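Trainee: Got a minute to walk me through this one? I'd like to start with the core.

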Amino acid sequence: MSESVAYPGPPGSHSSAAAAALFPSETLVPLVGFRAVADAVTQLDAGHGVLPIESSLAGPVAETHDLLHDHALSIVAEAVLPIRHCLAAPAAIPLDEIRLVLSHPSALEQCRLLLDRMPLASVLPAATTAEAAQGVAEAGDPTAAAIVGVEAARMYGLTVLADDVGDGPAFTRFVSIAPYTLVGGRRDTARTAFSFVTSHRPGALHHAIEPFAHAGLDLVRLVARPIPSAPWSYRFDAVVAGHPLDTTVREALAELAERTRAHRILGVYEAAKESQ
């Protein structure tokens with residue numbers, strides 16, 4: 001297995017900063033897109049991968065949730081980083097003359113107020129914020145801009161038109177993914193990620209997660225994702241504060257298994273320190 005760490009590149013993305021924070025001594029390898037990272041880790045071409053999974057402003061990152069579900073991967077660590085976006089272009093230009101804005105969908109969601117100030121600009125999603133910066137720099141279109149980090153703007157020679165353009169203070173949770181599950185870490189700050197599918201009937205979700213409430217366990221995240229093969233049906237990705245070897249967590253997960261159609265552990269890891 002390679003000891004390298006894959007992240008969705010090119011260099012200069014927020015994911016590259018997260019990868020460096022999680023793996024300061026490892027070789028970091030930028031890949032094209034989220035799926036390429038998941039594939040590299042699954043195929044053992046990389047020892048770990050780093051992907052964003054949640055934004056404090058835009059909510060869950062759907063693509064990461066789906067890749068974790070579709071691949072034999074597990075979350076083994078997390079980091080929460082402050083995110084500061086800027087609007088950058090090949091040269092200085094008034095905002096009302098911008099006709100195209102590129103960025104990752106999560107970044108676009110975090111900067112709605114900025115986009116409202118440019119009603120004539122079309123919005124084009126990119127695989128990463130750094131790829132948006134690279135694309136704008138290489139195209140050289142004076143009316144195109146990218147919502148990126150300041151480091152990426154500097155790296156690709158763009159001019160910052162407006163700094164700190166998010167709708168509010170923003171943080172992104174990044175996860176390290178691996179082809180194995182860790183269970184030997186600290187228990188007092190452990191998080192257990194899991195996924196489950198309920199029956200399609202009234203009250204099924206409440207019935208499934210009720211054991212966690214009865215045990216006094218905190219479900220720190222609960223995300224609904226559509227099941228492509230079954231229209232209007234959903235699976236749920238969740239995270240509980242606790243370790244699966246602790247009695248209360250183990251018993252709650254066992255009850256969940258009895259009350260759902262399918263379930264799976266998606267990772268055990270230490271909770272990151274979060275800023276408010």
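Trainee: So how many residues are in the largest nonpolar core, and which ones have the most contacts inside it?

Mentor: That core has 20 residues, and those with the most contacts inside it are Leu51, Leu68, Leu73, Ile75, Ile177 and Ala193. A nonpolar core here is a set of buried Ala, Val, Leu, Ile, Met, Phe, Trp, Tyr and Cys residues joined through side-chain atoms within 4.5 Å. Buried means under 20% relative accessible area, exposed is over 50%, and partly exposed is in between, with a 1.4 Å probe and protein chains only.

Trainee: Anything I should know about the model before I read on?

Mentor: This is a predicted model, where local features need pLDDT of at least 70 and side-chain atom pairs count only at pLDDT 80 or more, while totals for chains, interfaces and linings use all residues. Residues are numbered from 1 along each chain as its sequence is written, and side-chain values use heavy atoms, with hydrogens and water left out.

Trainee: Which elements give two or more residues to this core?

Mentor: Those are helix H2 (34-42), strand E3 (48-55), helix H3 (62-70), strand E11 (170-178) and strand E15 (262-270). The largest share, 5 residues, comes from H2. Helices (H or I, at least four residues) and strands (E, at least two) are DSSP runs, numbered from the N terminus.

Trainee: What is Leu68 in contact with?

Mentor: Leaving aside neighbours within four places in sequence, Leu68 is in contact with Ile53, Leu73, Ser74, Ile75, Ile177, Arg264 and Leu266. Contact means heavy atoms within 4.5 Å. Apart from this core lies another one, of 17 residues, among them Leu87, Leu95, Ile98 and Ile147.

Trainee: And Val175, where is that found?

Mentor: Val175 is in strand E11, and it counts as buried because its relative accessibility is 0%. Not counting residues up to four places away in sequence, Val175 touches Gly49, Val50, Leu51, Ile53, Thr64, Ile75, Ala77 and Glu78. The C-alpha atoms of Val175 and Ile53 are separated by 6.6 Å, with their positions 122 residues apart along the chain.

Trainee: Switching to sheets. What's the strand order in the open one with 5 strands?

Mentor: The order is E8-E7-E9-E6-E10, with mixed pairing. Two strands pair if DSSP finds at least two bridges between them. Strand E8 (122-125) and strand E10 (159-163) are the edge strands, each pairing on one side only. Neighbouring strands of this sheet are turned by 30° against each other on average, direction ignored.

Trainee: How many bridges join E6 to E10?

Mentor: There are 4, and strand E6 (residues 85-89) runs antiparallel to E10. For instance, the bridge partner of Ala88 in E10 is Val160.

Trainee: What does helix H6 touch on that sheet?

Mentor: Helix H6 (residues 129-139) packs on the sheet and touches E6, strand E7 (100-103) and strand E9 (144-149). The direction of H6 makes about 145° with that of E9. Axes are lines fitted to C-alpha atoms, for helices over the stretch in contact, and angles run from 0 to 180 degrees between N-to-C directions.

Trainee: Which residues of H6 are buried?

Mentor: Thr129, Ala130, Ala132, Ala133 and Val136. They cover an arc of only 160° around the axis, so they sit on the same side of H6; the arc is that of the directions from the helix axis to the C-beta atoms. What covers them includes helix H1 (14-22), E6, E7, helix H4 (105-110), E9 and helix H7 (150-155). The face turned away from the buried side of H6 carries the exposed residues Glu138 and Ala139. Just after H6, Gly140 takes a positive phi of about 70°.

Trainee: Last topic, aromatics. Which residues do ring pairs link into a cluster?

Mentor: Phe194, Phe196, Phe212 and Phe236. Rings of Phe, Tyr and Trp (its six-membered ring) pair if their centres lie within 6.5 Å; planes under 30 degrees apart count as stacked, over 60 as edge-to-face and the rest as tilted. The count comes to 3 aromatic pairs by this rule.

Trainee: Why does the pair of Phe194 and Phe196 count as stacked?

Mentor: Because their ring centres are 6.0 Å apart and their planes are at 25°. Phe194 also stacks with Phe212, since those centres are 5.4 Å apart and the planes are at 15°. Phe194 lies in strand E12 (residues 190-197) and Phe212 in helix H8 (residues 204-214), so that pair ties together parts that are 18 residues apart in sequence.
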